[in-house]
Amino acid sequence: MQPAIARVALPVPLDKLFDYTIPATAKPVVGGRVSVPFGRQTLVGIVVELSDHSSFAANQLKPLYQVLDNAPLWPEPLYKLLRWCSQYYQYPLGDTLSNALPSALRKGKAAEWASVIEWQVTESGKNQLMQGFGRAVQQAKVMQMLASGPLTQQAFIDAEVSSSVLKTLSDKGWISRHEKKPQRAVWPVEVEAQVEKPKLNQEQAVAIASVNSQREFGCYLLEGVTGSGKTEVYLNLIKPVLERGQQALVLVPEIGLTPQTINRFKKRFTVPVEVVHSGLNDTERLNAWLAAKDKSAGIIIGTRSALMTPFANLGIIIVDEEHDASYKQQDSLRYHARDVAVMRANQENIPVVLGSATPALETLYNAQSGKYHHLTLTQRAGNALPTTNKVLDIKGLYLDSGLSAPLIAEMRRHLVAGNQVMLFLNRRGFSPALMCHECGWIAECQRCDAYYTYHHASNEIRCHHCGSQQPVIHQCQGCGSTHLVTVGVGTEQLEAKLAELFPEYKAIRIDRDSTRRKGSLETALESIRKGEYQILIGTQMLAKGHHFPDVTLVALLDVDGSLYSSDFRASERLAQLFIQVAGRAGRASKPGEVILQTHHPEHSLLQALLEKDYRHFAESALSERKVAALPPFSYLTLFKAEANQSALVEDFLRQVRQTLEINPVFEQGCMVLGPTPSPVAKRAGKYRWQLLVQTQSRPVMQKLLNSAKPVIQMLPNAKKVRWSMDIEPQDLS
Ligand code: ADP
Ligand code: ZN
Ligand code: ZN
């Protein structure tokens with residue numbers, strides 16, 4: 001007898017399953033999709049259970065509309081992992097499962113390879129290629145792109161070619177369009193390509209042998225400075241995995257920043273390598289997902305969300321730059337991809353490798369306590385020399401747009417020698433505030449508890465919290481004076497100042513404002529590598545993943561903000577930034593120099609970093625965390641709430657606090673802090689408060705949240721405010 005009821009998880013923000021009756025001819029499967037009526041809509045959901053009983057009367061239930069899959073979408077271990085994520089991160093199961101799917105499947109499309117549109121040069125097009133295209137620059141560009149073989153429609157979208165150019169060329173008969181259904185690839189016998197490989201050093205060999213000696217679950221921290229050959233280790237770990245017919249998953253913080261790394265994987269192996277990132281369209285994403293699931297692809301390289309890709313036979317997971325903050329999702333399912341990767345490896349019973357030059361303190365702690373194996377690479381391949389580092393005491397010095405005279409002199413020295421100089425300032429815009437010189441009034445966003453940032457190039461003031469913007473104002477709204485001055489320095493101002501100080505050298509700014517256009521970051525990085533610019537100005541963005549061998553001087557203009565931040569992770573991030581940039585400057589023949597401008601040269605953290613190394617810094621930071629009972633010596637959950645009225649939000653979190661405090665689990669060493677206004681107390685017109693819960697163990701946190709959550713959901717204000725729980729938050733704002 002077939003079951004009568006399907007229990008379905010739907011993408012709605014409700015913590016429950018929905019029962020539907022199963023029509024006689026339908027055969028739903030657990031882990032497969034169905035479409036169902038929901039109010040007046042039709043939704044796509046996942047069948048979680050099949051049953052003969054429902055707690056609702058039969059006449060209250062509706063039949064499901066359609067069965068969309070005859071088989072489960074996820075292999076069993078991944079399906080279990082997704083259910084675990086929903087539970088652990090306290091996020092509804094329906095939303096969790098739905099978010100783990102490519103959007104084409106979320107919309108109900110068939111789980112099979114989708115056709116992509118491809119263009120190619122025709123015979124008459126080939127003739128035309130010889131003759132050239134005169135002044136038709138865009139047409140020439142397309143023809144050149146196609147000269148080496150057919151390309152998908154997406155390639156032209158990426159290259160910012162308008163579809164009218166394609167149409168013109170196809171009307172002329174020079175190019176033609178086809179629909180192509182991707183084929184499932186069969187792997188060649190020889191998985192490794194014939195390429196030159198470096199001879200491994202001792203440490204690399206040890207690291208590779210340790211991981212390869214075992215096929216079962218094990219977590220490895222691979223700690224090695226930039227250029228010490230971590231990627232080479234990854235490649236050597238993947239090879240035997242592919243040889244035994246298994247697949248590899250490689251997570252990276254940001255795809256756009258790592259084209260060279262991706263090419264190394266593609267060149268090294270003959271099996272298909274799929275790259276999964278936010279720039280893919282629906283079809284490409286679906287195809288990549290299927291390529292992993294059907295074992296067409298051998299390697300999947302992707303950002304955070306690629307962790308949820310199903311594999312036919314996964315053999316290893318690698319998380320590169322495991323300390324990177326982008327692995328934590330900041331909304332909806334607030335998971336940490338590095339932590340979940342370890343969980344996934346555990347469930348699939350395979351090794352997982354976490355690589356970094358600057359491991360997160362949590363990870364280091366796990367390695368030190370023996371939970372993870374600790375592998376280290378200490379030698380930089382190619383004999384690059386370590387940088388010389390120094391703090392520059394700027395107490396009492398005049399700062400010209402953030403630059404002290406000794407720094408300017410040092411810059412000149414490096415520039416005259418024909419090298420590149422890189423400056424970091426983690427504030428974009430021209431200046432972070434616009435103030436009245438007469439009365440001190442400061443232009444503030446009406447919707448946020450924040451100042452407007454002045455942007456000179458667009459002549460606007462913008463709020464970096466809600467995104468609102470308006471033309472720059474010329475009169476004080478307090479006293480009417482027209483004497484407005486800018487306060488503080490952003491990257492845009494620094495750029496203007498450098499043009500003035502060093503007119504003979506070209507400067508380029510890399511931040512979110514200057515790289516908004518798709519592909520503009522890649523273009524900028526390329527021209528830096530070609531040496532078209534001598535001065536590079538950037539926010540943190542510039543530090544990730546690039547190697548600039550001609551940069552011999554790196555300066556962090558303002559480190560004091562990180563030393564004295566209210567976020568306990570700020571100093572860890574500063575240390576990581578410092579090591580990352582130091583690791584990327586200079587090369588064997590040209591040693592690099594790193595300068596930190598600070599008012600607090602005696603600060604113990606700076607001393608540990610400069611005099612010793614990251615490990616020493618980490619050890620002293622860990623002992624501070626231990627004293628303060630901060631992670632990894634405790635576990636945190638951040639409740640956040642917002643609404644139009646401040647009192648409503650505060651009341652709600654007060655009730656949450658009471659709910660937690662009267663819970664029997666709370667006595668097992670739990671603490672709660674708050675409610676307090678969030679660091680940005682008002683954003684986009686909403687008042688924001690937060691409440692921090694601390695426990696001594698993960699299981700206690702889980703028990704407390706699981707038992708308190710149903711009560712919290714029933715609180716009178718729970719429906720009047722927008723609230724969320726962030727388990728193990730990375731960002732306390
Ligand atoms: P990381 O990933 O730690 O930054 P890479 O693996 O990219 O380091 O190695 C940095 C450079 O050194 C690359 O050009 C790589 O080909 C080279 N390399 C790696 N291992 C060795 C080795 N054992 N001998 C010589 N060169 C090596
Ligand atoms: Zn605002
Ligand atoms: Zn004024």
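This passage walks through two zinc sites, the nonpolar cores and one buried threonine in a predicted model.

Let's start with the zinc ion (ligand 2). Its protein donors are the SG atoms of Cys445, Cys448, Cys463 and Cys466, which sit 2.2 to 2.4 Å from the metal. Seen from the zinc ion (ligand 2), the four donor atoms subtend angles of 107 to 111°, so the arrangement counts as tetrahedral. For comparison, the ideal angle for four tetrahedral donors is 109.5 degrees. Along the chain, the donors of this ion follow the pattern C-x2-C-x14-C-x2-C. One pair of these donors ties together distant parts of the chain: Cys448 belongs to the loop between β20 and β21, while Cys466 belongs to the loop between β22 (460–462) and β23, 18 residues apart.

The UniProt record tells a matching story, since an unreviewed entry puts the annotation "binding site" on Cys445, Cys448, Cys463 and Cys466. These four cysteines span 22 residues in sequence, yet no two of their C-alpha atoms are more than 8.7 Å apart, so they gather at one spot.

How do the individual cysteines sit in the fold? Cys445 is found in the loop between β20 and β21. With a relative accessible area of 4%, Cys445 is buried, because anything under 20% falls in that class. Apart from residues up to four places away in sequence, Cys445 touches Ala450, Tyr452, Cys463, Cys466 and Ser468. Cys448 is buried as well, with a relative accessible area of 4%. Setting aside neighbours within four places in sequence, the contacts of Cys448 are Cys463, His465, Cys466, Lys682, Arg683 and Ala684. Cys466, on the other hand, has a relative accessibility of 21% and so counts as partly exposed.

Now for the zinc ion (ligand 3). Here the coordinating atoms are the SG atoms of Cys436, Cys439, Cys476 and Cys479, at 2.3 to 2.4 Å. The angles subtended by the four donor atoms around the zinc ion (ligand 3) run from 106 to 113°, which makes this arrangement tetrahedral. The spacing of the donor residues in sequence is C-x2-C-x36-C-x2-C.

Once again there is a record to set beside the model: for "binding site", an unreviewed UniProt entry lists Cys436, Cys439, Cys476 and Cys479. They span 44 residues in sequence, but no two of their C-alpha atoms are more than 8.5 Å apart, so they too gather at one spot.

Which parts of the chain do these donors come from? Cys439 sits in the loop between β20 (433–436) and β21 (453–455), whereas Cys476 sits in the loop between β23 (469–471) and β24 (484–487). Cys439 is partly exposed, with a relative accessible area of 42%. Cys476 is buried, with a relative accessible area of 5%. Cys479 is partly exposed, at 42% relative accessible area. Leaving out neighbours within four places in sequence, Cys439 is in contact with Cys476 and Cys479. Cys476, counted in that way, touches Cys436, Cys439, Trp441, Ser481 and Leu484.

With so many cysteines around, disulfides are worth a quick look. A disulfide is a covalent bond between the sulfur atoms of two cysteines. Taking a pair of cysteine sulfur atoms within 2.5 Å as the rule, the count comes to zero disulfides.

Next come the nonpolar cores. In soluble globular proteins, nonpolar side chains tend to be buried together. The largest nonpolar core holds 120 residues, and Trp74 and Phe639 touch the most other members. Helix α18 (residues 570–584) gives the most to this core, with seven residues. A second, separate core has 31 residues, among them Val233, Ile255, Ile262 and Ile318. Back at Trp74, the contacts beyond four places in sequence are Gly31, Ile46, Tyr79, Leu82, Leu97, Ala100, Leu101 and Trp289.

Finally, there is Thr363, which lies in helix α13 (residues 361–368). Is this residue buried or exposed? Thr363 is buried, with a relative accessible area of 1%. Not counting residues up to four places away in sequence, Thr363 touches Leu221, Glu322, Arg338, Leu354 and Tyr372.

Definitions and conventions. Residues are numbered from 1 along each chain as its sequence is written. Chains are lettered from A and ligands numbered from 1 in the order in which they are written. This is a predicted model: local features need pLDDT of at least 70, side-chain atom pairs count only at pLDDT 80 or more; totals for chains, interfaces and linings use all residues. Side-chain values use heavy atoms; hydrogens and water are left out. A nonpolar core is a set of buried Ala, Val, Leu, Ile, Met, Phe, Trp, Tyr and Cys residues joined through side-chain atoms within 4.5 Å. Buried means under 20% relative accessible area, exposed over 50%, partly exposed in between (1.4 Å probe, protein chains only). Helices (H or I, at least four residues) and strands (E, at least two) are DSSP runs, numbered from the N terminus. Contact means heavy atoms within 4.5 Å. UniProt positions are given in the numbering used here, feature names are shortened, and annotations may be inferred rather than shown by experiment. Donors are N, O and S atoms within 2.8 Å of the metal (3.2 Å for Na, K and Ca); water is not among the atoms, so sites may look incomplete. Four donors count as tetrahedral if all angles lie between 85 and 135 degrees; four count as square planar and six as octahedral if opposite donors are over 155 degrees apart and all others between 65 and 115; anything else is irregular.
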